[in-house]
Amino acid sequence: MKHIVAVEQFEREWVLSLFESAERMKSVKSSDELLRDRILATLFYEPSTRTRLSFESAMLRLGGQVVSTENAREFSSAIKGETVEDTVRIVAGYADGIVIRHHEQGAAVRAAAVSPVPIVNGGDGPGEHPTQALLDFYTIQDELGQLDDLKVALVGDLRFGRAVRSLALMFRLTRNVELLFVSPAEVPMGDDIRHALDAAGVRYRDEPDLGKALSVADVVYQTRIQRERFVTQSEFQAAQGIYVIDEVSMGLLGPHAIVMHPLPRVDEIRPEVDLDPRAAYFRQAQNGVFIRMALLHQLLGS
Ligand code: CP
């Protein structure tokens, strides 16, 4: 695989072998120089903490180097009217791989179409976030020891949340999983994802009652309402604050279950939940470094 732009590229065996590589990456040091003389460019047109910094940390831990623009929408030549395609053609001459985050859905695919070096989609508008989906899947495997025979509640903004859209598609690679979509009426899971799940035989249903979902779920994947994607503030206000996980909600959750979140969170998981051992979201974010090390090693290693 040269480029990583969408979850539909992934096959189960490849994902499991990436997880094995991620395990090995936990003991790799920069002095091992697995990616010596390789340069990664991180080209971010939208804000990021975890994706950009964990990719950069991963590259440095592999002994490689990084060039970066963290606000490419304003501080790259995009502001002068340069297209993504032209920017990528240029940056490919400076780096051996490019992680791109862009505000337009499909931008990573357009970048990959012209790039002679590997392109990794670090999030394309409300489209996809495939490397987040990999680290989310790795976290489920790591925390629960299984990817099959699960009930998974996907909660919050299922319309604009690219992380949860990509994660839903990952369950095409599993057996006997049921997805529960718990979303405000303004932000339901898109028909494109539903059709892909139908084609793969993945069971799903809409469940507007968060309490009912929590009482049966093995995994609860909470998400932020994506304020920046709404056309009107009133539409955002209507969707916001409906599904909140607090100590009372945690009382409904099974003892074996976990709560995940791609982060950042606003107020949809109360801070008191952080102390509960079932709160897996900070461990989930840490896993991003190891998954991205494994990915970069595969894409950029000789
Ligand atoms: N989960 C995620 O994509 O976080 P950032 O927006 O901080 O990269």
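This talk goes through the ligand site, three helix pairs and two backbone features of one structure.

Before we start, please keep in mind that this is a predicted model, in which local features need pLDDT of at least 70 and side-chain atom pairs count only at pLDDT 80 or more, while totals for chains, interfaces and linings use all residues. Residues are numbered from 1 along each chain as its sequence is written, and side-chain values use heavy atoms, with hydrogens and water left out.

Let me begin with the ligand. Around the ligand we find S48, T49, R50, T51, R101, H129, Q132, P262 and L263, where being near a molecule is taken as having a heavy atom within 4 Å of it. Some of these residues also make polar contacts, meaning pairs of N or O atoms within 3.5 Å. In the side chain of R101, an N or O atom is 2.9 Å from an oxygen atom of the ligand. A polar side-chain atom of Q132 lies 3.0 Å from a ligand nitrogen atom, and a polar backbone atom of L263 is 3.0 Å from a nitrogen atom of the ligand.

Now to the helices, which are DSSP runs of H or I with at least four residues, just as strands are runs of E with at least two, numbered from the N terminus. Two packed helices are described by the angle between their axes and the distance between the axes; the axes here are lines fitted to C-alpha atoms, over the stretch in contact for helices, and the angles run from 0 to 180 degrees between N-to-C directions.

R50 and T51, which we met beside the ligand, also belong to the contact of α2 with α12. Helix α2, residues 50-61, packs against helix α12, residues 281-300, at about 55 degrees, with the axes 8 Å apart. That makes α2 oblique to α12, given that angles under 35 degrees count as roughly parallel, over 145 as roughly antiparallel, 65 to 115 as roughly perpendicular and the rest as oblique. From α2, the residues in contact include S54, F55 and M59, and from α12 they include F290, M293 and L296, with contact meaning heavy atoms within 4.5 Å.

Helix α12 has a further partner, since α1 packs with α12 at an angle of about 110 degrees, again with axes 8 Å apart. That makes α1 roughly perpendicular to α12. Among the residues making this contact are W14, L18 and F19 of α1 and F290, I291 and M293 of α12.

Q132, another of the ligand's neighbours, takes part in the contact of α6 with α7. Helices α6, residues 130-144, and α7, residues 162-170, pack at about 60 degrees with their axes 8 Å apart, and they are therefore oblique to each other.

What, finally, is the peptide bond from L263 to P264, cis or trans? That bond is cis, with omega near 5 degrees, and P264 sits in the loop between β9 (258-260) and α12. E33, in the loop between α1 (12-25) and β1 (39-44), has a positive phi near 55 degrees although it is not a glycine. For background, most residues other than glycine have a negative phi, and most peptide bonds are trans.

Terms used: A polar contact is a pair of N or O atoms within 3.5 Å; within protein, one must be able to donate a hydrogen and the other to accept it, and residues adjacent in sequence count only if both atoms are side-chain atoms.
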